[in-house]
Structure formats: C-alpha cells, structure tokens
Amino acid sequence: MGRVTERRKVIRIRDGAVSTRPDTLVAEEPLEIRLNGKPLAITMRTPGDDFALAAGFLVSEGVLATASDLRNIVYCAGATADGSNTYNVVDVSTAPGVALPDITLERNVYTTSSCGLCGKASLDAVRTTTRHPIADTPPLRVTPELLAELPDRLRAAQRVFDRTGGLHAAALFDEHGELLDVREDVGRHNAVDKLVGRALQSGNLPLSRTVLMVSGRASFELAQKAVMAGIPVLAAVSAPSSLAVDLAAETGMTLVGFLRGSSMNVYAGEERIALRAAAVRA
C-alpha cells in the first residue's frame with residue numbers, strides 16, 4: 001500500500017559527461033476492481049487512494065451515486081497463489097437494491113493508464129444514465145481571471161510530481177477558486193476517479209458548484225466522469241477531443257481547453273464564463 005514512487009538506477013548524460021545515479025520514478029501497478037465478488041475491471045494506476053479510485057470508477061459507470069449505495073470496500077487477501085495480499089485487488093460491496101452495471105455502460109474489462117476506459121456506447125448513454133445531471137442553480141459563474149490562476153494552483157499542490165515529473169493531476173476548486181481536493185496518478189482518468197470517489201465517500205456528490213482542473217488534455221473519458229459526478233465546469237491545460245466537446249454541449253457542461261496563462265478556449269457552456277460583452281468578438 002502507498003507505493004507511490006520507486007527508485008531505479010539510470011545513466012545520466014549531461015553535456016557529454018556520463019554518470020550513474022538513482023532516479024525516482026512514479027510507481028505503476030495493476031488494480032483489479034471486483035464488484036460484489038465478481039471481477040469487473042483492471043486498470044494501471046499509481047498505488048494509493050485505491051478505495052476512492054474504485055468508488056469513483058463505479059460512479060462513472062453509473063453503479064454508485066451516493067454514499068448510501070456503498071456498503072464497503074476491502075483489499076482481497078489470497079489474491080496470489082501463495083495466499084498473500086498484494087494490495088492490488090479490491091472488492092466493492094454495494095448496498096441492497098443497487099443495480100449492477102447496465103449493458104449500455106459496459107466497457108472493455110482491461111483499461112490502461114493512458115486511455116482510460118475505451119468504447120463508451122454513445123453520448124446519449126451518459127446523458128440518460130447519470131443520476132447527477134448538471135443543474136447549478138443559481139448558475140455558477142467564473143471569470144477568465146479566476147480560471148487563469150487554477151493551473152498554477154494545481155501545480156503548487158502536486159507533491160509527487162516534483163520528485164518524479166511523471167504524474168497527472170486533477171483538482172477540485174470551488175466557485176471562488178479555493179482548492180477543495182487534489183489527487184495524482186500515472187493515469188489522468190484515475191486521478192479524476194480518486195477525486196470523485198473521495199467525494200462520494202464523504203457524501204459530497206453531486207459536485208454541483210465546482211470546477212475540475214486537469215493537468216493534461218480533456219478526453220471524452222474525463223468529460224464523462226465529470227458529467228457523472230455533476231461537475232459543471234471542466235478545465236484542461238491542453239486540447240479537448242471532439243467527442244469531449246460534443247458531450248459537454250449535450251449535457252450542459254462548460255468545457256475550457258488550452259488554459260495557459262491568461263489564454264484559453266471555451267468550447268461549450270460559455271454562459272458560465274463571466275465575459276465582458278464588449279470583449280467578445282465573432
């Protein structure tokens with residue numbers, strides 16, 4: 001548990017000089033998620049916050065929506081041939097009456113730290129399945145100036161990145177720009193699952209007045225996870241995908257990409273961005 005970093009020997013070349021030194025790397029190990037004792041998915045992740053990761057994953061799959069849906073999460077002893085506990089297998093038990101995953105939400109069983117969960121059936125499946133539709137009333141409003149500050153605040157909160165340079169991060173901010181939570185992982189989708197899972201465990205879903213800031217691009221998987229948690233604003237330092245933009249427009253989520261310094265692109269949900277009317281050009 002908690003094997004966030006590991007040390008490996010490297011040959012370092014700087015300006016023609018060669019030396020040998022240990023290097024700190026981010027750990028990456030498989031996590032098998034079981035649902036009520038049955039294998040559901042395997043993801044590559046950075047160990048730590050595994051229970052939150054599993055809970056957030058099941059929020060994105062439409063299985064869990066509130067803390068009362070969750071009975072408990074445990075590591076599975078006897079996960080190896082010799083009966084030892086690797087802390088790489090968790091079993092999530094749901095409360096009585098919680099429906100198992102619907103066929104419209106089923107994905108490939110194996111996922112990777114880079115792509116997230118691939119093969120979502122359709123945009124409509126997300127819109128019709130979420131139990132936390134985006135409904136910020138009164139509407140959340142954020143200024144471009146506030147959004148411009150979030151990447152630096154996210155970066156300042158990353159602990160492991162400073163030692164490894166190899167982690168994605170996701171952070172939740174309130175509508176005033178105050179940091180609520182931040183998680184790191186080798187997989188960008190895992191970092192979001194950890195945030196959402198912790199919110200579910202704390203009874204804080206839906207996250208209806210928050211901004212989700214991610215350190216990389218805004219893929220469809222990240223947009224989908226934000227929508228399933230009821231997050232109204234998703235901001236990313238890099239580009240969104242076309243499907244992420246379509247999903248944001250379909251569900252009423254605000255999507256901001258290329259958030260770098262005072263520059264940004266608003267791809268959907270521009271009504272939540274407090275713009276000066278005279279400054280908006282066609």
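Helices are DSSP runs of H or I with at least four residues, and strands are runs of E with at least two, both numbered from the N terminus. On this basis Pro-138 is assigned to the loop between helix 2 (123-129) and helix 3 (144-157). The model described here is predicted.

The peptide bond that leads from Thr-137 into Pro-138 is cis, with omega near 0°. A cis peptide bond also joins Leu-205 and Pro-206, where omega is about 0°. Pro-206 belongs to the loop between helix 5 and strand 9.

Towards the N terminus of the numbering, strand 1 (residues 5-14) and strand 2 (residues 17-26) pair in the antiparallel sense over 10 bridges. Arg-14 stands opposite Ala-17 of strand 2. The hairpin formed by strand 1 and strand 2 has 2 residues between the strands, and in it Asp-15 adopts a positive phi near 55°.

An open sheet of 4 strands follows the order 4-3-6-5, with mixed pairing. Strand 4 (38-45) and strand 5 (70-75) occupy the edges with a single partner strand each, so one side of each has no neighbour in the sheet. Direction ignored, neighbouring strands of this sheet are turned by 20° against each other on average. Strand 5 is joined by 5 bridges to strand 6 (residues 89-94), and the two run antiparallel. Within this pairing, Leu-70 has Thr-94 of strand 6 as its bridge partner. In a regular strand, side chains alternate between the two faces of the sheet.

Two helices lie across strands of this sheet. Helix 1 (residues 50-60) lies across strand 3 (29-35), strand 4, strand 5 and strand 6, and runs at about 115° to strand 4. Helix 5 (residues 188-201) lies across strand 4 and strand 5, and its direction is at about 125° to strand 4.

The loops that flank strand 4 each contain a residue other than glycine with positive phi. In the loop between strand 3 and strand 4 lies Asn-36, whose phi is near 50°. Asn-36 has a relative accessible area of 36% and is therefore partly exposed, as this class spans the range between the 20% limit for buried and the 50% limit for exposed. Asp-49 is placed in the loop between strand 4 and helix 1, with phi near 55°. At a relative accessible area of 31%, Asp-49 is likewise partly exposed.

A further open sheet contains 6 strands in the order 8-7-9-10-11-12, again with mixed pairing. Its edge strands are strand 8 (179-185) and strand 12 (263-268), each of which pairs on one side only. The twist from one strand to the next averages 20°. Within this sheet, strand 9 (residues 210-214) and strand 10 (residues 233-236) run parallel and are joined by 4 bridges. Val-214 stands opposite Ala-236 of strand 10.

Two packed helices are described by the angle between their axes and the distance between those axes. Helix 6 (residues 220-228) packs against helix 7 (residues 242-251) at an angle of about 20°, with the axes 8 Å apart. Because angles under 35 degrees count as roughly parallel, helix 6 is roughly parallel to helix 7. The crossing of helix 6 and helix 7 is right-handed. Helix 6 contributes Phe-220, Ala-223, Gln-224 and Val-227 to the contact, while helix 7 contributes Leu-243, Ala-244, Leu-247 and Thr-251. By class, the contact between helix 6 and helix 7 comprises 6 nonpolar and 2 polar residues, with no charged residues.

Note on methods
Residues numbered from 1 in each chain as written. Predicted model: local features only at pLDDT ≥ 70, side-chain atom pairs only at ≥ 80, totals over all residues. Heavy atoms only, no water. Pairing = 2+ DSSP bridges. Axes fitted to C-alpha atoms, helices over the stretch in contact; angles between N-to-C directions. Parallel < 35°, antiparallel > 145°, perpendicular 65-115°, else oblique. Left-handed = near helix turned anticlockwise from the far one by under 90°. Contact = heavy atoms within 4.5 Å. Nonpolar A, V, L, I, M, F, W, Y, C, P; charged D, E, K, R; others polar. Buried < 20%, exposed > 50% of the residue type's maximum accessible area, 1.4 Å probe, protein only.
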